[in-house]
Amino acid sequence: MTHRLRIDLFSLKDTLECGQFFRFTKIMNTYIVQSSDRIFSLWQKGDILFYEGVEEPFLIHFLRLDEELDSILKEIDRDPIVHQAIQKYRGMRLIRQDPWECLLSFLCSSAKSISHIRSMIEILCKSFGRKIFYGNIIGYGFPEPLCIKTSLQLESVRAGFRTNYLVKASQCINRSQLLGLKSLSYSEARQSLTMLSGVGKKVADCTLLYSLDFLEAFPMDTWIRKGLQRAYFGGRWTGEKETENFVSNHFGPFAGYAQLYLYHYWRNHRF
DNA sequence: CGTCAGGTAGCCA
DNA sequence: TGGCTACCTGAC
């Protein structure tokens, strides 16, 4: 049964393909998406989003369709560079991921390309997750913390030094504790997350931005860092503190959206 | 075969 | 505050 939603400002392609989310495959113009224990399909024609295998309220939550994207984009549109990125990828939205899945995904991400990260997550789900079906397509749910007990179990994931990060996180935190971070301030929540082994500023900010609604989080990877230096500091090397201060002062409370647009823009226009 | 990616931990000044 | 390097795996 196919359902449809009309959405004013939305690009499914950019939203899924910009690097914030890993568990999807593209078949022709249709995306098969997996999140937690769900599997469903999405495709877009003009301003109509078609969907199968998922209920509307979940989709609205997942794709942040209840969010006034237009006013957020106006808010971060503060210079010619980010303006150009917004023009090019207008309609790209943050995805509101499951916090547990998001944390583990980005624990896998250090020093790995996106295809590696996807492969690690896929094997993780195949090893521990329960089977889920969409028509005759088989998917796997994302494993709950209690499933992952020892590093030996994760051998086939080939996560290398990240294996212990995954095991320790499974022992130390669960979904409801992660969701509880939402009641803290950004810096408190960030500090709590970095207590976990393998979680530094970057992974903490990814988790806070992509799953816990902290829109001021600005994940700073080396690409974004180089981009900022080139675009805003005339190529000058900048210290960590200086860069962080610039970002929060310049982009403000929705800095995370600016990161999403700049990152996608710079990744597709190599320099 | 060697080199390197790219985020974090742990050490150091 | 920030510089350096090991960490594991896979791509090149």
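Student: What volume does the second largest pocket have?

Tutor: Start with the general idea. Rolling a probe the size of a water molecule over the atoms shows where empty space is left. In this predicted model, the second largest pocket has about 450 Å³.

Student: Which residues are closest to its centre?

Tutor: Arg190, Asp205, Phe218, Met220 and Glu244. They belong to a lining of 21 residues.

Student: Which element gives the most to that lining?

Tutor: Helix H12 (240–251), with 7 residues. Helix H9 (186–193), H10 and H11 also give two or more each. By type, the lining of the second largest pocket has 10 charged, 6 nonpolar and 5 polar residues.

Student: How much space lies in the largest pocket?

Tutor: About 620 Å³. Its lining has 27 residues, and Ser109, Lys112, Lys202, Asp221 and Tyr263 are the closest to the centre. The lining of the largest pocket divides into 13 nonpolar, 9 polar and 5 charged residues. Helices H6 (114–128), H10 (201–211), H11 (222–232) and H13 (255–268) each supply at least two of them.

Student: Now the DNA. Which residues are around strand C?

Tutor: Among them are Lys112, His116, Arg158, Phe161 and Trp237. Look at the DNA side too. Of the strand C atoms within 4 Å of the protein, 76% are sugar and phosphate.

Student: Where does lysine 112 make its polar contact with strand C?

Tutor: At a base oxygen, 2.7 Å from a polar side-chain atom of lysine 112. Histidine 116 has a side-chain N or O atom 3.0 Å from a sugar or linking oxygen of DNA strand C. For phenylalanine 161, a backbone N or O atom lies 3.0 Å from a sugar or linking oxygen of that strand.

Conventions
Residues are numbered from 1 along each chain as its sequence is written. Chains are lettered from A and ligands numbered from 1 in the order in which they are written. This is a predicted model: local features need pLDDT of at least 70, side-chain atom pairs count only at pLDDT 80 or more; totals for chains, interfaces and linings use all residues. Side-chain values use heavy atoms; hydrogens and water are left out. On a 1 Å grid over the protein atoms alone, a cavity is a set of points where a 1.4 Å probe fits but cannot get out, and a pocket is an open set with protein on both sides within 12 Å along at least five of seven lines; lining residues have an atom within 4 Å of a point. Grid points are joined across faces, edges and corners, and a volume is the space filled by probe spheres set on the points. Helices (H or I, at least four residues) and strands (E, at least two) are DSSP runs, numbered from the N terminus. Ala, Val, Leu, Ile, Met, Phe, Trp, Tyr, Cys and Pro count as nonpolar, Asp, Glu, Lys and Arg as charged, and the others, Gly among them, as polar. A residue is near a molecule or strand if one of its heavy atoms lies within 4 Å of it. A polar contact is a pair of N or O atoms within 3.5 Å; within protein, one must be able to donate a hydrogen and the other to accept it, and residues adjacent in sequence count only if both atoms are side-chain atoms.
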